[in-house]
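Visitor: I have the sequence and the model open side by side. Could you walk me through it and justify the labels as we go?
Guide: Gladly, ask away.

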Amino acid sequence: MSAPAAISKKVDSLRSQIRHHNYQYHVLDDPEIPDAEYDRLVRELQKLESEYPELITQDSPTQRVGGEPVKSFGTIQHLIPMLSLENAFSEDELRDFHRRVTDRLGIDKGAELSYAAEPKLDGAAVSLLYQDGKLVRGATRGDGTTGEDITHNVRTIDAVPLSLIGNDFPTTLEVRGEVFMPRAGFNAFNEKAKKNGEKTFVNPRNAAAGSLRQLDPRLTAERPLDIYVYSVGQVDGGVVPPRHSEILDRLGGWGFKVCPERKVVTGIDGCLKFYSDIGRRRDSLAYDIDGVVYKVNRLDYQERLGFVSRAPRWAIAHKFPAQEELTVVRDIEFQVGRTGAVTPVARLEPVFVGGVTVSNATLHNMDELHRKDVRVGDTVIVRRAGDVIPEVVKIVPERRPKRTRKVGAPTKCPVCGSAVVREKDEAVARCTGGLFCAAQRAEALKHFVSRRAMDIDGLGSKLIEQLVSTDRIRTPADLFDLTKDELMDLERMGAKSAENLLESIERSKHTTLPRFLYALGIREVGEATASSLASHYGKLVAVMGANEAELQEVPDVGPVVASRVRAFFAEIHNREVIQRLVESGVTWPESEPAPKSEEGKLHGKTFVLTGTLGGMSRHEAKDRIQAAGGKVTGTVSKNTDFLVAGDKAGSKLTKAQNLEIAILNEVQLEKLLSDQ
Ligand code: 5U1
């Protein structure tokens with residue numbers, strides 16, 4: 001018995017709704033409905049499909065997950081070879097590339113040549129083949145000519161469309177791109193694997209490649225994979241536009257996810273600017289990249305340029321300095337931090353990585369040291385990504401020498417000799433010396449004077465260590481009693497530097513409450529929390545007097561933070577230090593406490609934040625809106641009152657314009673907040 005026509009129609013309608021919401025959520029990052037509503041649609045479709053299995057189709061959104069494991073990977077021949085890219089490791093190499101391109105094309109106006117530029121993701125290259133708009137095959141790059149059939153796995157990636165949107169796509173369309181694991185997903189995945197005693201991945205690239213090479217698609221489905229497509233391969237029964245950038249736009253319209261950072265740039269100057277812009281933002285992107293790619297934008301030019309062996313002459317990858325290198329562990333020592341955390345640190349043969357020379361790398365904690373089995377003498381992979389502290393990723397077992405030395409957990413603090421204890425359920429061991437420990441005192445001071453805290457210029461680590469080890473400074477309050485003569489007694493400190501430092505200490509006395517709270521170094525209180533506390537309470541005495549339940553009324557303050565704040569101010573010693581700081585002249589403007597949410601002027605108003613705000617972080621903006629009684633959500637809808645749009649605002653801005661929602665820039669938001 002076949003399904004009634006009404007059921008078949010309902011199934012079609014549910015599928016197109018689910019596809020639409022999938023696209024909004026996974027591709028545009030702009031969900032229109034809550035997750036629960038989406039789940040309801042999927043469940044309804046699943047129910048109908050189980051009642052009428054004859055209606056199940058391969059491209060139904062229910063068919064992503066749950067396929068049977070395959071016994072082995074089939075091999076496939078790529079219809080058109082999957083090429084690799086030539087690399088440029090320097091500006092000179094990029095200029096050579098540009099010169100070769102313009103010479104071959106015979107154009108002397110190289111300055112006006114357009115390139116399609118985008119980040120080069122650190123993932124796994126794949127080919128996706130669509131027939132009549134349906135995904136029929138997914139393959140790895142392999143050696144470029146022959147790849148592995150991973151259709152069962154690519155189908156599980158939510159951002160891979162199973163069927164395309166619209167009706168103007170070619171009958172045969174092969175699309176190429178990079179499957180990657182966003183950093184947040186990678187970290188969460190590894191955390192979970194660690195907890196369960198399972199194997200972790202070394203980096204997001206290995207995680208993506210490893211996930212695609214699973215025989216069981218149910219395992220791949222559990223991995224937080226994503227994709228950006230970057231080119232087309234075989235195209236039959238249809239046409240694509242004459243510029244690479246337009247092809248990417250078209251792919252976006254058919255339902256593929258294309259990198260939002262892509263841009264058309266002009267000439268070598270445009271390329272270099274793109275490289276430095278992306279390089280600057282590299283650490284704030286949600287995924288790992290290892291450079292940027294430029295492609296001559298006009299396809300007729302690409303055709304004229306052709307190929308050399310396996311790489312096109314019309315494209316190049318401009319690489320960032322490597323973030324991982326090999327080196328040898330000379331020793332393993334223990335460092336004591338501001339909160340007493342005792343961290344194993346590998347002392348390394350100096351190595352140039354991530355743009356600087358690295359000779360120390362963290363091993364995080366003893367569990368990590370044991371898990372990675374790092375020993376003195378081992379060759380290790382060191383990673384330095386952006387401003388993040390360099391870390392030992394893993395050892396290279398094949399290079400382990402016959403004689404290595406294992407290092408055990410210290411029972412006494414290497415600096416003050418106090419006991420080192422590890423609380424139950426804590427990964428880190430801590431020195432119990434508190435402010436008796438010179439290392440903890442020095443680290444607390446370094447934090448206190450740091451740029452985003454009290455911002456005292458000219459007081460570097462070496463000076464602080466001298467001041468602490470000679471006992472001239474025991475608490476931050478002692479800083480404000482320093483004299484010029486005392487400073488001039490220190491190594492490498494002349495009269496002029498001493499004067500400058502005293503001036504800088506004097507200047508720092510005029511600060512703000514968020515900075516002061518942050519500078520105190522309360523555990524779990526970072527800049528955002530300090531800001532929240534300051535805007536909620538307005539005055540320091542109010543923060544100091546709040547109990548744990550009251551503290552939890554502050555946006556983003558949960559039980560752990562509340563108990564840390566309470567414990568800090570309950571400590572008589574800390575109150576004395578604060579008292580002395582205030583007596584020394586440290587001061588900040590205080591304000592009235594923020595109104596309770598039902599009293600705030602923004603009460604009842606819903607905001608959505610999008611794009612990059614220049615003067616304040618999104619987090620800070622959110623805290624301040626909430627402190628004024630407003631609500632901040634992630635989705636633009638007819639219930640939104642204001643969209644705050646920063647730089648590079650994307651689809652949320654368009655949607656807000658379509659819904660005629662009031663749009664504020666940062667200055668207007670600031671005004672709205674300060675009028676409260
Ligand atoms: N972003 C990007 N990555 N990537 C890798 N574009 C790009 N293009 C590639 C490769 C291998 O090859 C082109 C020749 C299509």
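Visitor: What makes strand 21 and strand 23 a pair?
Guide: In this predicted model, strand 21 and strand 23 run in the parallel sense and share four bridges. Pairing asks for at least two bridges, so these strands count as paired. At one of the places where they meet, Thr 610 stands opposite Ala 645 in strand 23.

Visitor: How do you know that strand 23 also pairs with strand 24?
Guide: Three bridges join strand 23 to strand 24, and the two run parallel. With at least two needed, the label holds. Leu 643 stands opposite Ile 663 in strand 24.

Visitor: And what links strand 21 with strand 22?
Guide: Three bridges, again in the parallel sense. Phe 607 has Val 632 of strand 22 opposite.

Visitor: Why are strand 22 and strand 24 called edges?
Guide: The open sheet has four strands in the order 22-21-23-24, with parallel pairing. Strand 22 (631-633) and strand 24 (662-664) each have a single partner strand, so one side of each has no neighbour in the sheet. On average, neighbouring strands here are turned by 30° against each other, direction ignored.

Visitor: Which helices pack on this sheet?
Guide: Helix 23 (residues 651-658) touches strand 21, strand 23 (642-645) and strand 24, and its direction makes about 145° with that of strand 23. Helix 24 (residues 666-674) touches strand 21, strand 23 and strand 24 as well, at about 95° to the direction of strand 24.

Visitor: Which way do the side chains of strand 23 point?
Guide: Phe 642 and Val 644 point one way, Leu 643 and Ala 645 the other, and all are buried. That fits a general pattern: in a regular strand, side chains alternate between the two faces of the sheet.

Visitor: What makes helix 20 roughly perpendicular to helix 21?
Guide: The axes of helix 20 (residues 559-570) and helix 21 (residues 572-583) cross at roughly 75° and come within 5 Å. The roughly perpendicular class spans 65 to 115 degrees, so helix 20 is roughly perpendicular to helix 21. Phe 568, Phe 569 and Ala 570 in helix 20 meet Ile 572, Asn 574, Arg 575 and Ile 578 in helix 21. By class, this contact has five nonpolar, one polar and one charged residues.

Visitor: Why is Thr 220 called buried?
Guide: Its relative accessible area is 1%, and buried means under 20%, so Thr 220 qualifies. Thr 220 lies in helix 7 (residues 217-221). Leaving aside neighbours within four places in sequence, Thr 220 is in contact with Asn 153, Thr 156, Ser 211, Gln 214 and Leu 225.

Visitor: How do you know that Thr 220 and Asn 153 make a polar contact?
Guide: Their side chains come to 3.0 Å, and the distance limit for the N or O pair is 3.5 Å.

Visitor: What about Asp 288: buried or exposed?
Guide: Buried: Asp 288 has 7% relative accessibility, against a limit of 20%. Asp 288 sits in the loop between helix 9 (267-281) and strand 10. A polar contact of 3.1 Å joins its side chain to that of Arg 383. Beyond residues up to four places away in sequence, Asp 288 touches Leu 121, Asp 122, Arg 183, Pro 204 and Arg 383.

Visitor: What is notable about the phi of Asp 455?
Guide: Asp 455 has a positive phi of about 55° although it is not a glycine. In general, most residues other than glycine have a negative phi. Asp 455 lies in the loop between helix 12 (438-449) and helix 13 (461-469). Arg 492 has a positive phi of about 55° too, and it is not a glycine either. Arg 492 is found in the loop between helix 14 (484-488) and helix 15 (495-508).

Visitor: Why is Arg 492 called exposed, and Asp 455 partly exposed?
Guide: Arg 492 has a relative accessible area of 74%, and exposed means over 50%. Asp 455 is at 38%, between the 20% and 50% limits, so partly exposed is the right label for Asp 455.

Definitions and conventions. Residues are numbered from 1 along each chain as its sequence is written. This is a predicted model: local features need pLDDT of at least 70, side-chain atom pairs count only at pLDDT 80 or more; totals for chains, interfaces and linings use all residues. Side-chain values use heavy atoms; hydrogens and water are left out. Axes are lines fitted to C-alpha atoms, for helices over the stretch in contact, and angles run from 0 to 180 degrees between N-to-C directions. Angles under 35 degrees count as roughly parallel, over 145 as roughly antiparallel, 65 to 115 as roughly perpendicular and the rest as oblique. Contact means heavy atoms within 4.5 Å. Ala, Val, Leu, Ile, Met, Phe, Trp, Tyr, Cys and Pro count as nonpolar, Asp, Glu, Lys and Arg as charged, and the others, Gly among them, as polar. Buried means under 20% relative accessible area, exposed over 50%, partly exposed in between (1.4 Å probe, protein chains only). A polar contact is a pair of N or O atoms within 3.5 Å; within protein, one must be able to donate a hydrogen and the other to accept it, and residues adjacent in sequence count only if both atoms are side-chain atoms.
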